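Me: I'd like to go through this one with you, question by question. Mind working from the residues up and showing your reasoning?

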Amino acid sequence: MTVPDVEAVFRAEYGRAVAVLVRFLGDIDLAEEAVQDAFTTAVRRWPETGVPPSPAGWIITTARNRAVDRLRREAGRDERHAQAALLHASDAPPEEGPVRDDRLRLIFTCCHPALAVHARVALTLRLLGGLTTAQIARAFLVPEPTMAQRLVRAKAKIRNAGIPYRVPRDADLPDRLTGVLAVVYLIFNQGYEGEAGLCEEALRLGRLLAELMPDEPEVTGLLALMLLVESRRDARRDAHGALVPLPEQDRDRWDRELIAGGQELVRRCLRRKRPGPYQIQAAIQAVHSDAPDTGATDWGQILRLYDQLTAVAPSPVVALNRAVAVAEVEGPRHALDLVEALDLDGYHVLHAVRADLLRRLGRDTEAVREYEAAVALSQNPAERAYLERRRRELVRE
């Protein structure tokens, strides 16, 4: 067993270990510290003694023992607090509820409506993904001290507001599930924009939710959506790391195994006949994945799905994406009229779409200005490089 092997166990088991310890101890900070101490011990011992038969079990047992020892040693700790923590850390019976899984319990705790959305995502990444504060800060494009303060405030909110470490009651589950799915999808999108490991973590959480909540069609739809989008990862960049948009991608580089898995989940959703936003978005991606090349894409079907998505979950971003489909079905002039009506001036994708439509209409001078606006607003280096290249092409012409 080498240090990299311990790191692999850390990535695979950190979230589970923290989730179990939070349930035993009722204290997020103490649980995190105990699990980190256990992994530090593993780094020191395992290269000499070998990996135990159950690495995760060893980590959880060691962390729990360290935490209890620490509570007993802290003479300055409020006596009632310490005794309560020690009692909570005893062999409590497993919680009964609609879902019995420590990681899912912690996801629902992190995604409590009392927390701001950005705090929900950051805390989920920290506690279940084992990501460092620096990694999360890069994903959110904020300084590390800022993210550290957000995490501290989120954990304090959970403690001070008395947010329970449990899966909600059946009656509360649908409302909370919406927030959980939104957080998982935000994690996936952060990863797709470039932060290594986040897509994998989102897919892991998505699979966990799908396994534990198989009767929720939107859970299935979200997993299908992520699988189908992830299938194009290798084709999304060229050999130099530059962004390759969907119409220009080499479809031979798409992951057919992920596509097959995503399409099967979409078919499962269709059979249930309970459409929701994630299911419809997954169906749109499935239509894209069906086409052997860009010219064979069934844009009529995609437009009909966007019409359905607009009815179920209207938003300016959905309207913008629908306009892209309108451009393929009805032409760029009609699509441009739709885009001009949207109030998304601070959104770089709007300017990129508008630039492309103007270019197709031969209005190059206006298109250049829109590309410049998109470059200025985009925070993704690969995306900025692509938009700048498109702008230069028009200037040269």
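Reply: Happy to. One cut-off first: a residue is called exposed when its relative accessible area is over 50%, buried when under 20%, and partly exposed in between. Bear in mind that this is a predicted model.

Me: Then let's start with Lys 273: is it buried or exposed?
Reply: Lys 273 sits in the loop between α12 (256–272) and α13 (277–290). Its relative accessible area is 73%. The cut-off for that class is over 50%, so Lys 273 counts as exposed.

Me: And what is the phi of Lys 273 near?
Reply: Most residues other than glycine have a negative phi. Lys 273 isn't glycine, yet its phi is positive. The value is near 55°.

Me: Zooming out, how many helices and strands does the protein have?
Reply: The strand side is quick, as the count there is zero. Everything in this tally is helix, then, and the protein has 19 helices and zero strands.

Me: What share of the residues is buried?
Reply: The protein has 397 residues. Buried here means under 20% relative accessible area. By that cut-off the buried share is 49%.

Me: Which residues touch the most other members of the largest nonpolar core?
Reply: In soluble globular proteins, nonpolar side chains tend to be buried together. The largest nonpolar core here holds 125 residues, and helix α1 (residues 3–25) gives the most to it, with eleven. The members that touch the most others are Val 35, Phe 140 and Met 226.

Me: Leaving aside neighbours within four places in sequence, which residues is Phe 140 in contact with?
Reply: Phe 140 belongs to that core, but its contacts also include Arg 150 and Gln 190. With the sequence neighbours set aside, the full list is His 118, Val 121, Ala 122, Leu 125, Met 147, Arg 150 and Gln 190.

Me: On to rings. What kind of aromatic pair do Trp 46 and Trp 58 form?
Reply: A search of the whole structure turns up four aromatic pairs. Trp 46 and Trp 58 form one with centres 5.2 Å apart and 70° between the planes. Planes over 60 degrees apart fall in one class, so this pair is edge-to-face.

Me: Which helices does that pair link?
Reply: Trp 46 and Trp 58 are twelve residues apart, in distant parts of the chain. Trp 46 counts as buried at 1% relative accessibility, while Trp 58 is partly exposed at 21%. The helices linked are α2 (residues 28–49) and α3 (residues 55–73).

Me: What about Tyr 185 and Phe 188: what kind of pair is that?
Reply: They're three residues apart in helix α9 (residues 173–192), so about one helical turn separates them. Both are buried. Their centres are 6.5 Å apart with 10° between the planes, and as planes under 30 degrees apart share a class, the pair is stacked.

Me: Which residues do ring pairs link into a cluster with Tyr 185?
Reply: Phe 188 is one of them. Ring pairs carry the cluster on to two tyrosines as well. Together with Tyr 185, the members are Phe 188, Tyr 192 and Tyr 278.

Me: Which arginines lie over the face of Phe 24?
Reply: One is 5.1 Å from the ring centre of Phe 24, and that's Arg 23. Another is 4.4 Å from the ring centre, and that's Arg 64. The names are Arg 23 and Arg 64.

Me: How far apart are the closest N and O atoms of Arg 204 and Glu 201?
Reply: The two are three residues apart in helix α10 (residues 198–212), so they're separated by about one helical turn. Arg 204 is partly exposed at 23% relative accessibility, and Glu 201 is buried at 9%. Their salt bridge has its closest N and O atoms at 3.0 Å.

Me: Which helices does the Arg 354 and Glu 340 salt bridge tie together?
Reply: Their side chains meet at 3.6 Å, N to O. Arg 354 counts as buried at 9%, whereas Glu 340 is partly exposed at 42%. The partners are 14 residues apart in sequence, so the bridge ties together α17 (residues 348–360) and α16 (residues 332–340).

Me: Last one: which residues do shared salt-bridge partners join into one network?
Reply: The count of salt bridges comes to 21. Some of these share partners, giving a network with both acidic and basic members. The members are Asp 29, Glu 32, Arg 126 and Lys 155.

Technical notes: Residues are numbered from 1 along each chain as its sequence is written. This is a predicted model: local features need pLDDT of at least 70, side-chain atom pairs count only at pLDDT 80 or more; totals for chains, interfaces and linings use all residues. Side-chain values use heavy atoms; hydrogens and water are left out. Rings of Phe, Tyr and Trp (its six-membered ring) pair if their centres lie within 6.5 Å; planes under 30 degrees apart count as stacked, over 60 as edge-to-face and the rest as tilted. Helices (H or I, at least four residues) and strands (E, at least two) are DSSP runs, numbered from the N terminus. Buried means under 20% relative accessible area, exposed over 50%, partly exposed in between (1.4 Å probe, protein chains only). A charge sits over a ring if NZ of Lys or CZ of Arg is within 6 Å of the ring centre and within 35 degrees of the ring normal. A nonpolar core is a set of buried Ala, Val, Leu, Ile, Met, Phe, Trp, Tyr and Cys residues joined through side-chain atoms within 4.5 Å. Contact means heavy atoms within 4.5 Å. A salt bridge is a side-chain nitrogen of Lys or Arg within 4 Å of a carboxyl oxygen of Asp or Glu.
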